[in-house]
Amino acid sequence: MRVSIVLGAVATMLALSSCQTLSPEERRARDETTCRGYGFRPNTDQMAGCLLDLDLDRRADARAWQAQSSRDMFYRPVVVERRIIVQNK
């Protein structure tokens with residue numbers, strides 16, 4: 001069971017790392033497109049606020065994911081098992 005948990009965590013990290021292949025310029029362009037889709041005009045205070053909100057949301061999501069993965073990986077109960085082999089004589 002532990003192997004499947006570790007493999008699942010590794011698969012999740014690989015999937016998330018593959019999502020972060022955007023360059024800062026590409027991310028900014030996508031954020032600007034999102035804000036324009038909300039109706040904000042370029043070079044306005046409202047557009048700057050929208051871009052800031054998107055960046056803050058992204059950072060908060062990353063912190064939440066990091067905190068959750070830390071809790072899941074390091075604060076699980078540890079089961080120590082010592083097997084005793086008994087042989088009939």
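## Confidence of the model

Across this predicted model, the chain has an average pLDDT of 82, and 72% of its residues reach a score of at least 70. The confidence is not spread evenly over the elements: the lowest mean pLDDT, 59, belongs to helix 1, which covers residues 2-19, whereas the highest, 95, belongs to helix 2.

## Overall architecture

The chain contains three helices and zero strands, and when it is read along the sequence the pattern is α-α-α. Of the 89 residues in the chain, 8% are buried. The accessible surface of the chain amounts to about 8,200 Å², and carbon and sulfur atoms account for 57% of that area.

## Helix 2 and the loop after it

Helix 2 runs over residues 24-37, and its length can be checked against its residue count: at 1.5 Å a residue, its 14 residues should span 20 Å, and the C-alpha atoms at its ends are indeed 20 Å apart, so the expected and computed spans agree. After helix 2 comes Gly39, which has a positive phi, near 105°.

The loop that lies between helix 2 and helix 3 also holds Asn43. Although Asn43 is not a glycine, its phi is positive, at about 60°. With a relative accessibility of 79%, Asn43 counts as exposed, because the threshold for that class is over 50%.

## Asp31 and its surroundings

Asp31 is a residue of helix 2. Is Asp31 buried or exposed? Its relative accessible area is 11%, and Asp31 is therefore classed as buried, since the cut-off for burial is under 20%.

When neighbours within four places in sequence are left aside, the residues in contact with Asp31 are Leu51, Leu54 and Arg58. With Arg58 there is also a polar contact, made between the side chains of Asp31 and Arg58 at 2.8 Å. Arg58 itself is partly exposed, with a relative accessible area of 31%, so this side-chain pair joins a buried acidic residue to a partly exposed arginine.

## Salt bridges in helix 3 and beyond

How many salt bridges does a search of the whole structure find? The search finds five. A network of salt bridges links Asp31, Asp55, Arg58 and Arg59, and within helix 3, which spans residues 45-74, the spacing of its members along the sequence can be followed pair by pair.

Arg58 and Asp55 form one of these salt bridges, in which the closest N and O atoms are 3.7 Å apart. Because Arg58 and Asp55 are three residues apart in helix 3, about one helical turn separates them. Asp55 is partly exposed, its relative accessible area being 25%. Asp55 also meets Arg59 in a salt bridge between their side chains, with an N to O distance of 3.0 Å. Arg59 and Asp55 are four residues apart in helix 3, and they too are therefore separated by about one helical turn.

A further salt bridge is formed by Arg83 with Glu81, where the closest N and O atoms are 2.8 Å apart. Arg83 and Glu81 are both exposed, whereas Asp31, a member of the network, is buried.

Methods. Residues are numbered from 1 along each chain as its sequence is written. This is a predicted model: local features need pLDDT of at least 70, side-chain atom pairs count only at pLDDT 80 or more; totals for chains, interfaces and linings use all residues. Side-chain values use heavy atoms; hydrogens and water are left out. Helices (H or I, at least four residues) and strands (E, at least two) are DSSP runs, numbered from the N terminus. The expected span of a helix is 1.5 Å times one less than its number of residues. pLDDT is the predictor's confidence in each residue, from 0 to 100. Buried means under 20% relative accessible area, exposed over 50%, partly exposed in between (1.4 Å probe, protein chains only). Accessible areas come from the Shrake-Rupley method with a 1.4 Å probe; for residues, only the protein chains shown count as cover. A polar contact is a pair of N or O atoms within 3.5 Å; within protein, one must be able to donate a hydrogen and the other to accept it, and residues adjacent in sequence count only if both atoms are side-chain atoms. Contact means heavy atoms within 4.5 Å. A salt bridge is a side-chain nitrogen of Lys or Arg within 4 Å of a carboxyl oxygen of Asp or Glu.
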